[in-house]
Amino acid sequence: QVQLVESGGGLVPAGDSLRLSCVVSGRTISKYAMGWFRQAPGKEREFVATINWNGAKIYYSDSVKDRFTISRDNAKNTAYLRMNSLKAEDTAVYSCAVGSNRYSDYGIQFPHGYDYWGQGTQVTVSS
């Protein structure tokens with residue numbers, strides 16, 4: 001069974017930083033894109049960041065560009081999201097996901113581009 005476990009969330013004041021981790025088991029992620037999405041209370045899940053299978057393509061949502069950094073460590077089967085200069089509007093449950101298709105960059109900025117999802121980790125940013 002493919003499992004993704006996120007960690008690293010917490011409650012921090014605006015301006016602080018957090019690093020989220022996503023450890024994957026049941027699938028070797030080296031041939032797949034990895035993505036981060038978030039969902040705030042009462043809102044739809046939205047795209048945050050993605051890194052394609054070989055790290056050559058990285059995309060961010062406009063709201064996090066220049067503040068967040070996505071990375072991956074295939075040896076650890078893990079993806080990361082470093083979040084700097086956090087704002088109150090970043091408050092959400094952050095989930096990671098494994099891409100649906102090997103070597104494919106198609107659709108990786110959208111939920112339909114991913115097959116497996118973690119349970120999420122809560123990030124709360126206070127002013």
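These are my notebook entries on the cores, strands and aromatic contacts of a predicted model.

**Entry 1: the cores.** I started with the nonpolar residues. The largest nonpolar core holds 27 residues, and Trp 36, Leu 81, Met 83 and Tyr 94 have the most contacts inside it. I then looked up which strands feed this core: β3 (18-25), β4 (34-39), β5 (46-51), β7 (68-73), β8 (78-83), β9 (92-99) and β11 (121-126) each give at least two residues. Another core, of six residues, lies apart from it, and Phe 37, Phe 47, Ile 108 and Tyr 114 are among its members. As background, I noted that nonpolar side chains tend to be buried together in soluble globular proteins.

**Entry 2: strand β8.** I wanted to know how covered β8 is. Five of its six residues are buried, and I logged the strand as mostly covered. Next I checked its partners. β3 runs antiparallel to β8, with six bridges joining them, and Leu 20 has Leu 81 in β8 as its bridge partner. That same lookup led me back to the core, where Leu 81 is listed among the residues with the most contacts. β7 also pairs with β8 in the antiparallel sense, over six bridges, and here Ser 71 is matched with Tyr 80. β7 and β8 make a hairpin with four residues between them, and I noted a positive phi of about 50 degrees at Asn 77 in the turn.

**Entry 3: strand β11.** Which side chains of β11 are buried, I asked myself? Thr 121, Val 123 and Val 125 point to one face and are buried, whereas Gln 122, Thr 124 and Ser 126 point to the other face and are not. This fits the textbook pattern, in which side chains of a regular strand alternate between the two faces of the sheet. On its partners, I found that β2 (residues 10-13) runs parallel to β11, with four bridges joining them, and Val 12 stands opposite Val 125. β9 runs antiparallel to β11 and is joined to it by three bridges, with Ala 92 opposite Val 123.

**Entry 4: Ser 95.** Staying with β9, I looked up Ser 95, which lies in that strand. Its relative accessible area is 11%, under the 20% cut-off, so Ser 95 counts as buried. Setting aside neighbours within four places in sequence, I listed its contacts as Glu 6, Gly 35, Trp 36, Phe 37, Trp 117, Gly 118, Gln 119 and Gly 120.

**Entry 5: the aromatic rings.** My search of the whole structure gave five aromatic pairs. In one of them, Phe 37 and Phe 47 have ring centres 5.7 Å apart and planes at 70 degrees, so I recorded the pair as edge-to-face. The two residues are ten apart, with Phe 37 in β4 and Phe 47 in β5. Both are buried: Phe 37 at 0% relative accessibility and Phe 47 at 12% relative accessible area.

Phe 37 also pairs with Trp 117; their ring centres are 5.0 Å apart and their planes at 55 degrees, so this pair is tilted. Trp 117 sits in β10 (residues 114-117), 80 residues from Phe 37, and is partly exposed at 24%. I closed the ring search with the cluster itself, which is formed by Phe 37, Phe 47, Tyr 114 and Trp 117.

**Entry 6: charges over rings.** Lastly, I checked two arginines. Arg 45 lies over the face of Trp 117, at 3.9 Å from the ring centre. Arg 27 lies over the face of Tyr 32, at 4.2 Å from the ring centre.

Conventions. Residues numbered from 1 in each chain as written. Heavy atoms only, no water. Core = buried A, V, L, I, M, F, W, Y, C linked by side-chain atoms within 4.5 Å. Buried < 20%, exposed > 50% of the residue type's maximum accessible area, 1.4 Å probe, protein only. Pairing = 2+ DSSP bridges. Contact = heavy atoms within 4.5 Å. Phe/Tyr/Trp six-rings, centres within 6.5 Å; stacked < 30°, edge-to-face > 60°. Lys NZ or Arg CZ within 6 Å of the ring centre and 35° of its normal.
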